[in-house]
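Here are a few notes to help you find your way around this one. Have a look at the structure first, then read on.

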Amino acid sequence: MAISLVSCTKKKTEEKPEEEKSETEVALNESQYKTVGIETGLVENRNLNKVIKANGYTTVPPQNSAEVSTLIGGTVKDIFVLEGTFVNKGKVLATIQNLEVIEMQEDYHSATANIEYLQLEYNRQKTLSDENVNPRKVFQEVKAKLAAERARAQAAKNKLEALHVSTKGSTSLVPIVSPISGYVGKISIAKGAYAQTGVSLFEVVDNSQLHLDLNVYEKDLGSISVGQVIDFVLTNQSNKSIKGKIFGINKSFSNESKTVAVHAKIESADAKGLIPGMYVSANINITNATVPALPKDAVVRNADKYFVFIEEEKHEEHQEKKTEGAVTHEKEIHFKAIEVIPGTTDLGFTEVKFINEIPADAKIVTKGAFYLLSALKGGGEHGH
């Protein structure tokens with residue numbers, strides 16, 4: 001069977017020139033129409049389970065991830081943990097040695113000892129001053145010295161507490177403690193090495209609040225809302241679908257690609273075994289969306305564009321068909337390719353958005369569209 005592109009041949013009695021072929025039209029005679037099994041229908045508004053696809057990665061909130069460093073440099077004395085082990089908040093991960101810490105403790109002890117003496121002298125001078133025995137100037141001097149020693153003691157105490165060093169006793173060891181509970185990641189120090197200030201020594205991550213950061217394009221933002229359910233798979237381990245739920249949407253673009261970060265919580269049972277930084281492919285479920293739709297077979301793809309075919313009016317054509325020596329005439333049915341933008345596909349129907357407006361009663365090919373596309377791409381005759 002041959003399907004020919006439209007060439008709109010005229011009756012022999014007409015002297016008008018043959019119409020030019022259109023690159024978007026296909027014509028079938030009635031026999032071809034029946035053989036192919038063309039069926040048509042109208043655009044319907046259907047309640048589809050719309051899905052928006054997005055890519056992203058697993059991550060944790062900033063408060064659940066820590067880069068542990070030291071406030072004072074020193075030589076690494078001991079390391080008490082291994083990578084991958086779980087630690088509680090306040091756990092000593094390592095110790096470093098610095099003799100300056102001894103001086104801080106001595107400053108504190110000296111200041112507190114002076115405070116005791118000056119407090120007694122303060123009380124004595126205050127009594128004498130109140131009784132006008134000694135000049136008030138002497139009392140003021142003692143009072144100033146007491147305040148200065150208290151400030152010195154407090155400063156030394158603050159330094160020691162910041163370093164997690166006790167104010168009691170005397171030691172040169174500074175403990176490196178974990179600021180959060182979680183798993184130890186990369187360890188960037190070795191025993192005997194010098195630990196510098198401001199340089200990460202340990203990484204500790206709490207995966208209990210692991211969630212997804214998905215990149216959603218601007219055109220899809222209007223359909224996204226908090227509470228929507230998502231299904232995602234790990235890009236490199238796509239054998240298991242995991243569920244999550246959107247809990248936050250950023251109010252600014254993430255980068256030049258015009259995407260917005262959408263945050264989704266992962267079900268706790270499914271979060272086991274996941275670590276930050278895993279890439280994922282996700283479907284965001286937009287339920288109960290009423291959209292214009294057609295049977296999915298009505299939408300065909302040509303290169304990077306999508307089309308549907310609209311049946312146009314039937315035209316009487318002069319076509320010779322010899323049957324036992326007789327010449328008959330058949331009607332020719334014309335179809336025009338219309339570009340569309342497809343959306344989600346659900347329950348056998350595909351959401352469609354038309355590039356250009358079409359009549360509401362347009363008869364759209366719902367069965368046989370692939371054959372019409374093949375004929376259109378053939379540029380002329382196409383055999384089946």
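The points below go through a helix, a pocket and a sheet.

1. Before anything else, keep in mind that this is a predicted model.

2. Start with helix α3, which covers residues 136-162, 27 residues in total. From first C-alpha to last, α3 reaches 39 Å, close to the 39 Å expected at 1.5 Å a residue.

3. Which residues of α3 are buried? They are Phe139, Val142, Leu146, Glu149, Ala153, Ala156 and Leu160. Those buried residues pack against α2, residues 100-130. After α3 comes His164, and its phi is positive, near 60°.

4. Next, the largest pocket, with a volume of about 330 Å³. Its lining is made up of 13 residues, and nearest the centre lie Ile52, Lys219, Asp220, Pro342 and Gly343. Three elements give two or more residues each to that lining: β4 (44-59), β22 (331-346) and β23 (349-354). Sorted by class, the lining holds six charged, five nonpolar and two polar residues.

5. Now look for the open sheet of four strands, with the order β5-β12-β10-β7 and antiparallel pairing. Why does β5 (65-68) have one side without a neighbour in the sheet, and likewise β7 (86-87)? Both stand at the edges with a single partner strand each, so one side of each is left free of a neighbour in the sheet.

6. To see one pairing up close, take β7 and β10 (residues 182-187), which pair in the antiparallel sense over two bridges. Phe86 has Tyr183 of β10 as its bridge partner. As background, strands of a sheet pair through backbone hydrogen bonds, either parallel or antiparallel.

Technical notes:
Residues numbered from 1 in each chain as written. Predicted model: local features only at pLDDT ≥ 70, side-chain atom pairs only at ≥ 80, totals over all residues. Heavy atoms only, no water. Expected span 1.5 Å × (residues − 1). Buried < 20%, exposed > 50% of the residue type's maximum accessible area, 1.4 Å probe, protein only. Contact = heavy atoms within 4.5 Å. 1 Å grid on protein atoms, 1.4 Å probe; cavity = no way out; pocket = protein on both sides within 12 Å on 5 of 7 lines; lining within 4 Å. Points joined across faces, edges and corners; volume = space filled by probe spheres on them. Nonpolar A, V, L, I, M, F, W, Y, C, P; charged D, E, K, R; others polar. Pairing = 2+ DSSP bridges.
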